[in-house]
Amino acid sequence: MTTLASSRTRLDRFLAQYGGVHRRGVRQLLAQGRVLVDGVVAREATQVVHRFSVIVLDGQVLQQHPRVYLMLHKPSGVVSATFDAEHPTVTSLLPAPQPPDLHLVGRLDRYST
């Protein structure tokens, strides 16, 4: 099962929303070592989790959303940006549709390749 936490949320809120656990019961689950976040036993209800955290309760995956990395050869004349009103962007070279949370890493000027 794949569920997406908001960009950042507390573990107790996530478990209450997606794990069917009352927030009062979260501390007991954590004390018993029944919750893993990114492969590590979670101990704090206030631990912050995000959309890429792998969250497991009693061996059942509640959320697993792996990151995806793309490498692109940027041709000259293309801007390293998600939007530019005057020039084509690297995102225009990618197949559509593109995820709304796409982030660019590395910046080259328009004429660099």
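Reader: Which residues are linked with Asp-12 in a network of salt bridges?

Author: In this predicted model, Asp-12 forms a salt bridge with Arg-10, and their closest N and O atoms are 2.7 Å apart. Asp-12 also forms a salt bridge with Arg-23, this time with the closest N and O atoms 3.5 Å apart. Asp-12 takes part in both bridges, and the residues linked with Asp-12 in the network are Arg-10 and Arg-23.

Reader: How many residues apart are Asp-12 and Arg-23?

Author: The salt bridge between Asp-12 and Arg-23 links distant parts of the chain. Asp-12 belongs to helix 1, while Arg-23 belongs to helix 2, which covers residues 23-31. Along the chain, the two are apart by 11 residues.

Reader: Is Asp-12 buried or exposed?

Author: Let's go by relative accessible area, where buried means under 20%. Arg-10 has 25%, so it counts as partly exposed, and Arg-23 is partly exposed too, at 43%. Asp-12 has a relative accessible area of 4%, so it is buried.

Reader: Which residue forms a salt bridge with Asp-58?

Author: The structure holds three salt bridges, and one of them involves Asp-58, with the closest N and O atoms 2.6 Å apart. Asp-58 sits in the loop between strand 5 and strand 6, and its partner sits in the loop between helix 2 and strand 2, so the pair ties together parts that are 24 residues apart in sequence. Asp-58 is partly exposed at 48%. The partner is partly exposed as well, at 31%, and it is Arg-34.

Reader: What is the centre to centre distance in the aromatic pair?

Author: A search of the whole structure turns up one aromatic pair. It's made by Phe-14 and Tyr-18, with 45° between the planes, so it counts as tilted, the label for angles that are neither under 30 degrees nor over 60. Centre to centre, the distance is 4.9 Å.

Reader: Why are Phe-14 and Tyr-18 separated by about one helical turn?

Author: Both residues are in helix 1, which spans residues 11-18. Their accessibility is worth a look too: Phe-14 counts as buried at 1%, whereas Tyr-18 counts as partly exposed at 29%. The separation is about one helical turn because, within helix 1, they are apart by four residues.

Reader: Which ring does the charged end of Arg-51 sit over?

Author: Arg-51 lies in the loop between strand 4 and strand 5, and at 22% relative accessibility it counts as partly exposed. Its side chain makes a polar contact with the side chain of His-65, at 2.6 Å. The charged end of Arg-51 is 5.5 Å from the centre of the ring it sits over, and that ring belongs to Phe-52.

Reader: Which elements give two or more residues to the largest nonpolar core?

Author: The largest nonpolar core has 15 residues. Those with the most contacts inside it are Leu-11, Leu-15, Leu-30, Val-35 and Ile-55. Sorting the core by element, the ones giving two or more residues are helix 1, helix 2, strand 2 and strand 5.

Reader: Which residues is Val-35 in contact with, leaving aside neighbours within four places in sequence?

Author: Val-35 is one of the residues with the most contacts inside the largest nonpolar core. Leu-11, Leu-15 and Leu-30 are on that list too, and Val-35 is in contact with each of these. With neighbours within four places set aside, the full list is Leu-11, Leu-15, Leu-29, Leu-30, Val-40, Val-41, Ala-42, Val-56 and Leu-57.

Terms used. Residues are numbered from 1 along each chain as its sequence is written. This is a predicted model: local features need pLDDT of at least 70, side-chain atom pairs count only at pLDDT 80 or more; totals for chains, interfaces and linings use all residues. Side-chain values use heavy atoms; hydrogens and water are left out. Rings of Phe, Tyr and Trp (its six-membered ring) pair if their centres lie within 6.5 Å; planes under 30 degrees apart count as stacked, over 60 as edge-to-face and the rest as tilted. Buried means under 20% relative accessible area, exposed over 50%, partly exposed in between (1.4 Å probe, protein chains only). A charge sits over a ring if NZ of Lys or CZ of Arg is within 6 Å of the ring centre and within 35 degrees of the ring normal. A salt bridge is a side-chain nitrogen of Lys or Arg within 4 Å of a carboxyl oxygen of Asp or Glu. A polar contact is a pair of N or O atoms within 3.5 Å; within protein, one must be able to donate a hydrogen and the other to accept it, and residues adjacent in sequence count only if both atoms are side-chain atoms. A nonpolar core is a set of buried Ala, Val, Leu, Ile, Met, Phe, Trp, Tyr and Cys residues joined through side-chain atoms within 4.5 Å. Contact means heavy atoms within 4.5 Å.
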